[in-house]
Amino acid sequence: MALKGNLRDFTITQLLNLINLACKTGTLVIEGPGEVARTAFREGKLAYAQIGQHDDALPTILLKNRKISPAQHKFLQEKATTMNDKELGLLLVNAGYLSQEDVLDSLQAYYVDAVRQLFTWAEGFFRFEQEISPPGDKILVRVDLENLIIEGSRQLREWEHLQEEIPSLDMALKFTDRPGTNLRDINLSVEEWRVVSYVNPQNTMRQIAKATKMNDLEIRRVVYSLLQAGLVEIVRPGGAPVINPKKMFPTSDRVEQKGIMDKLISRIRSL
Amino acid sequence: MQTVKIVVTGPFNSGKTQFIQTVSEIDVVSTERKVTAEAEKIKESTTVAMDFGRITVDDDLVLYLFGTPGQKRFDFMWEILSEGMLGFVVMVDSTRPETFREARSILETFRAYAPTPFVVAANKQDKADAWELNDMRVALRLDSKIKLLPCTATKKQPVKAVLLELLYSILAEMEAGEA
């Protein structure tokens with residue numbers, strides 16, 4: 001029986017736990033919010049991970065991990081077009097530019113980071129394909145899943161807590177009316193400043209997240225800290241209608257609606 | 001026959017069923033089941049689908065009161081119940097601060113469903129260990145414009161007062177919308 005389902009019912013952490021305990025080999029394919037993630041495992045250990053169409057070529061991963069300079073990255077991209085990651089990695093190690101450890105550590109960090117991103121996916125269809133192997137031209141790693149599972153469980157608890165605090169990202173933010181507070185005197189992180197610059201009842205949290213390139217977890221984290229500090233409050237988005245009497249009342253006639261309200265008030269008073 | 005509805009929501013065991021029972025002219029049509037989860041065994045039974053109360057206004061108009069299930073696993077019912085409501089009451093048990101965060105979350109969820117007026121009822125204010133309204137306002141992070149009203153769901157007067165305040169808010173927003 002294929003291992004498949006929805007992340008709503010079976011979390012990433014639970015899936016990793018299952019793969020770890022059952023020492024599974026294969027590829028976990030997750031169709032998430034707008035992207036597809038492919039994470040490969042060998043005997044219950046993480047071997048490879050890729051989210052969407054992100055550039056996961058070895059030179060780019062080495063650049064991100066500061067193992068090579070931008071100039072070296074550019075050179076490799078131009079000169080090593082016909083080489084795959086395995087060939088290039090071997091060349092770099094044999095030529096003494098990098099150690100084998102440098103290459104493997106960089107890849108491991110990249111793959112682990114990709115799995116960390118999956119922890120923020122609350123919804124998406126998943127399937128575990130035993131027949132699908134990781135791409136043959138990629139260098140594979142062997143990462144124990146235990147630490148990732150523990151980290152994922154922590155993040156899941158944080159996610160649940162934040163979702164309880166901020167259930168909908170379709171609401172907007174506004175600064176609280178605290179005349180004594182000067183925003184310049186408050187120590188905010190870079191992320192918090194980025195969000196603060198968009199705080200406006202016209203902007204929903206979802207729009208702010210998009211503008212600041214934050215995922216659902218990150219925007220909730222920042223908004224939660226701003227809420228806790230009493231700097232902002234959640235309000236209805238500015239452009240939305242305050243009230244829609246057509247749906248609320250059995251009649252669309254304004255006078256009749258007011259008549260209904262008067263009758264209701266009189267009746268409740270008389271109880 | 002014209003009908004309108006008000007939704008009464010809030011965390012588990014906050015007093016929603018009792019609130020409706022106190023003013024409903026019919027016995028509340030309650031879909032209660034025995035509580036099975038150990039953690040939630042504060043009371044014997046709980047609402048799993050909805051409570052349903054009725055107040056006849058006149059020959060042509062009936063007000064329905066719908067109580068939502070308080071347990072999180074039944075929250076798929078909330079959006080259905082909120083459709084077309086005049087407004088909603090968020091019940092909070094003043095003696096159980098551990099439920100305040102959930103009450104806040106429910107409030108935000110309903111506020112996102114529909115831009116209708118609401119009031120917050122601080123229930124069980126007759127109990128010795130009830131939190132004071134000012135403290136609850138801070139703990140629930142309620143803006144000063146949001147009505148937080150003392151309530152004892154077993155007594156008719158405070159329940160009436162809560163419903164009236166909600167109706168006044170609805171009227172005020174209707175008038176503001178016209179201006």
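This report describes how chain B meets chain A, and then turns to the cysteines.

**The interface**

The model is predicted. In it, 40 residues of chain B are in contact with 36 residues of chain A. Together the two chains bury about 3800 Å². Carbon and sulfur atoms account for 61% of that area. On the chain B side, the greatest losses of area to chain A fall on B:R101, B:R141 and B:M174. Those residues together make up 17% of what that side buries.

**Polar and charged links**

Six salt bridges are counted between chain B and chain A. One of them pairs B:E25 with A:R267. Their closest N and O atoms lie 3.8 Å apart. The interface also has 12 residue pairs in polar contact, with both residues at pLDDT 80 or more.

**What chain B brings**

Several elements of chain B each supply at least two residues to the side that touches chain A: β1 (2–9), β3 (45–58), β4 (61–67), α3 (100–113) and α5 (156–178). The largest share comes from α5(B), with 12 residues. By class, the chain B side that touches chain A divides as follows.

| Class | Residues on the chain B side |
|---|---|
| Nonpolar | 19 residues |
| Polar | seven residues |
| Charged | 14 residues |

**Cysteines**

Over all chains, the structure holds zero disulfides. A:C23 has 48% relative accessibility, so it counts as partly exposed. B:C151 counts as buried, because its relative accessibility is 1%, under the 20% cut-off.

How values were computed: Residues are numbered from 1 along each chain as its sequence is written. Chains are lettered from A and ligands numbered from 1 in the order in which they are written. This is a predicted model: local features need pLDDT of at least 70, side-chain atom pairs count only at pLDDT 80 or more; totals for chains, interfaces and linings use all residues. Side-chain values use heavy atoms; hydrogens and water are left out. Contact means heavy atoms within 4.5 Å. Buried area is the accessible area (1.4 Å probe) that two parts lose on being put together, summed over both. A salt bridge is a side-chain nitrogen of Lys or Arg within 4 Å of a carboxyl oxygen of Asp or Glu. A polar contact is a pair of N or O atoms within 3.5 Å; within protein, one must be able to donate a hydrogen and the other to accept it, and residues adjacent in sequence count only if both atoms are side-chain atoms. Helices (H or I, at least four residues) and strands (E, at least two) are DSSP runs, numbered from the N terminus. Ala, Val, Leu, Ile, Met, Phe, Trp, Tyr, Cys and Pro count as nonpolar, Asp, Glu, Lys and Arg as charged, and the others, Gly among them, as polar. A disulfide is a pair of cysteine sulfur atoms within 2.5 Å. Buried means under 20% relative accessible area, exposed over 50%, partly exposed in between (1.4 Å probe, protein chains only).
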